[in-house]
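Q: I should like to learn how the features of a protein model are read. May we work through the one shown here?

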Amino acid sequence: MKRGLEEEIEEMSEEEVGVNNNNNAGKKKKKKVVKKSKPVPLTKSVPQVSSQPLRPTKLVPKKKTEIREININDIGSNELSVADQRVEADGVLAGLISPTIIEDFYDQYFGKKHLYVKRNGDNIYKNFFTKDSLDKMLRNNLMKFTENVDVTNYVDFQRITLNPEGRAYPSLVWKHYKEGCSVRLLNPQTFNSNVWKLCSTLQTHFQCGVGANIYLTPAGAQGFAPHYDDVDVFILQLEGKKEWRLYNPRDPNEVLPKKSSENFSQEEIGEPYFSVTLEAGDLLYFPRGVIHQAVSPPDVHSLHITVSTYLNNTWGDLIGKVLNRALEIANEECLEFREGLPRDYTQYLGVIHSDKVGDERRKELTDKVGTLWDKLGQLLPIDIGADQMAVKYLLDSLPPVLTQLEKKHSIEDETSPMKIKPETRFRLIRPDSVRLVVEDIAILFHNADNTRIYHQVGEEPGVIEFTLECVDALEHIIDSYPSYIYAKDLPVEDDDQKLDVVSALYEKGLIMFEK
């Protein structure tokens, strides 16, 4: 299992990385990660005296917390921000889709059809992000065309990208805007804290990566051709108005697609099945594969943010990882998988031989493949595949946005290292920021060191390695959230090792103390 996870991490580092942009193929980069020697586990090995595993002590029972709606401008500044960040994340989504409740959203809309929320002029996103915010981003940061900013137009049914080379100076961006171009910010979460907080919070709810683009379109303009995306999207209208037209997929194979489409002509997509003009405060959700285009009305500009999620987060992705690892196991443990192919297999297998129905030799060979396939099905390591998916999410996710209280009670704002004692009470800062994987050692993956660029790992994965004696203690810490627990209550026999576990988490910024 260990080798399988290590190989998976290396494979992920070679995947396409960059901003999760709608219709943004061609702007993705690759990041090469050099494997480093394995670090020594941070805790010492203590022999187990008893054959029975130690059980966590004083585990606080979970209580189901009622979800209440939270405005996106209140992320990080409400009582739930510290009490239980998972409940806050649920509340943020609930606030976005209200009056639809979360259960109905998943039952009736998510991955199935669009949801339109009209707020009748009540702009609940007011001051979240404005034209002035965009101008400040351009002036205060080194933002580059193509990498961070696009200027585009859609004229005579053709999309045109007009990006100069180099830095996106404010004067150049506004010049294109005044000439009728749309401005797209490709990774605003990197430069704007409000967008970072929104994406980081929603990824806690969805348990997969969340990204964002921001679009500013002048009055009477359209920046992009009709297309569909490989992500589910939430359109939040921040300023002005924009007319959206949604079209059904052209055939069943384009429902919930794995890749975004090319640009379509108007003739290819037919008539829209839904059309609406979003006003400030409104929301529109639609799934992957829904063809769409949008235009601002002739009398007012449009500013909206597109929040996207569920990129490569499907049953097919999970099963792909399970099958890859299952084949590795089969090759290691089953002699039949390592036996050589018969010399004549190319004479009976292949597309050109597929019409040889009834041929005994062909049937013998296909039956052999079927037998091996059945054996492969008995080796499916589903939990390993789930671990790989979870680790991939952590490596690609945004780092958590800490509240002032979390900073004050963690290593973030400590002027000198905290002296950890058996009576110290602590808890995880974010339970979804860690993933415990048990192999021949215990590995705790985390996202505390990640960058604010969506879908980009840091210089190395966030990893802490422990001995197997620490597994119960780590599970206890994870399961106890959001309650504080005593270091002395960790289910590890050696008192020094209890403090070693807490110290390792503290030094990576993963826990906070009760003070």
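Q: What percentage of the residues in the protein is buried?
A: This is a predicted model, and buried residues make up 52% of its 515 residues. The accessible surface comes to about 25000 Å², and carbon and sulfur atoms hold 51% of that area.

Q: How many helices and strands are there in the protein?
A: The protein has 15 helices and 18 strands. Among contacts with a separation of 6 or more, 81% join residues 24 or more positions apart.

Q: At what angle do the axes of helix H3 and helix H4 cross?
A: Angles from 65 to 115 degrees count as roughly perpendicular. The axes of H3 (residues 85-97) and H4 (residues 102-109) cross at roughly 70 degrees and come within 9 Å, which means that H3 is roughly perpendicular to H4. On the H3 side the contact is made by Asp-90, Leu-93, Ala-94 and Ile-97, and on the H4 side by Ile-102, Phe-105 and Tyr-106. These residues divide into 6 nonpolar, no polar and 1 charged.

Q: At what angle do helix H5 and helix H6 pack?
A: H5 (residues 131-140) and H6 (residues 170-178) pack at about 140 degrees, with axes 9 Å apart; the two helices are therefore oblique to each other. H5 contributes Lys-131, Leu-134, Asp-135, Leu-138 and Arg-139 to the contact, while H6 contributes Pro-170, Val-173, Trp-174 and Tyr-177. The division here is 6 nonpolar, no polar and 3 charged.

Q: How should one read strand pairing, and in which sense does strand E4 pair with strand E5?
A: Strands of a sheet pair through backbone hydrogen bonds, either parallel or antiparallel. In this structure, E4 and E5 (residues 158-161) pair in the antiparallel sense over 4 bridges, and Thr-152 stands opposite Thr-161 in E5. The hairpin of E4 and E5 has 2 residues between the strands, and Asp-156 takes a positive phi near 50 degrees there. E4 also pairs with strand E6 (residues 182-185), again antiparallel over 4 bridges, with Val-149 opposite Leu-185 in E6.

Q: Is strand E4 mostly covered or uncovered?
A: E4 (residues 149-155) is mostly covered, as 6 of its 7 residues are buried.

Q: Which strands stand at the edges of the sheet that has the order E17-E13-E18?
A: That sheet is open, with 3 strands and antiparallel pairing. Strand E17 (485-486) and strand E18 (511-513) stand at its edges, each with a single partner strand, so one side of each has no neighbour in the sheet. Strand E13 (residues 425-428) pairs with E18 over 3 bridges in the antiparallel sense, and Phe-513 in E18 is the bridge partner of Phe-426.

Q: What is the order of the open sheet that contains strand E15?
A: The order is E14-E15-E16, 3 strands with antiparallel pairing. E14 (434-438) and E16 (462-466) are the edge strands, each pairing on one side only. The twist from one strand to the next averages 20 degrees. E15 (residues 442-446) and E16 share 5 bridges in the antiparallel sense, with Val-463 in E16 as the bridge partner of Phe-445.

Q: Which strands does helix H15 lie across?
A: H15 (residues 495-507) lies across E13 and E18, running at about 105 degrees to E18. H15 also lies across E15 and E16, at about 175 degrees to E16. Helix H12 (residues 382-396) lies across E14, E15 and E16, running at about 145 degrees to E14.

Conventions:
Residues numbered from 1 in each chain as written. Predicted model: local features only at pLDDT ≥ 70, side-chain atom pairs only at ≥ 80, totals over all residues. Heavy atoms only, no water. Axes fitted to C-alpha atoms, helices over the stretch in contact; angles between N-to-C directions. Parallel < 35°, antiparallel > 145°, perpendicular 65-115°, else oblique. Contact = heavy atoms within 4.5 Å. Nonpolar A, V, L, I, M, F, W, Y, C, P; charged D, E, K, R; others polar. Buried < 20%, exposed > 50% of the residue type's maximum accessible area, 1.4 Å probe, protein only. Pairing = 2+ DSSP bridges. Areas by Shrake-Rupley, 256 points an atom, 1.4 Å probe, with all protein chains shown as cover.
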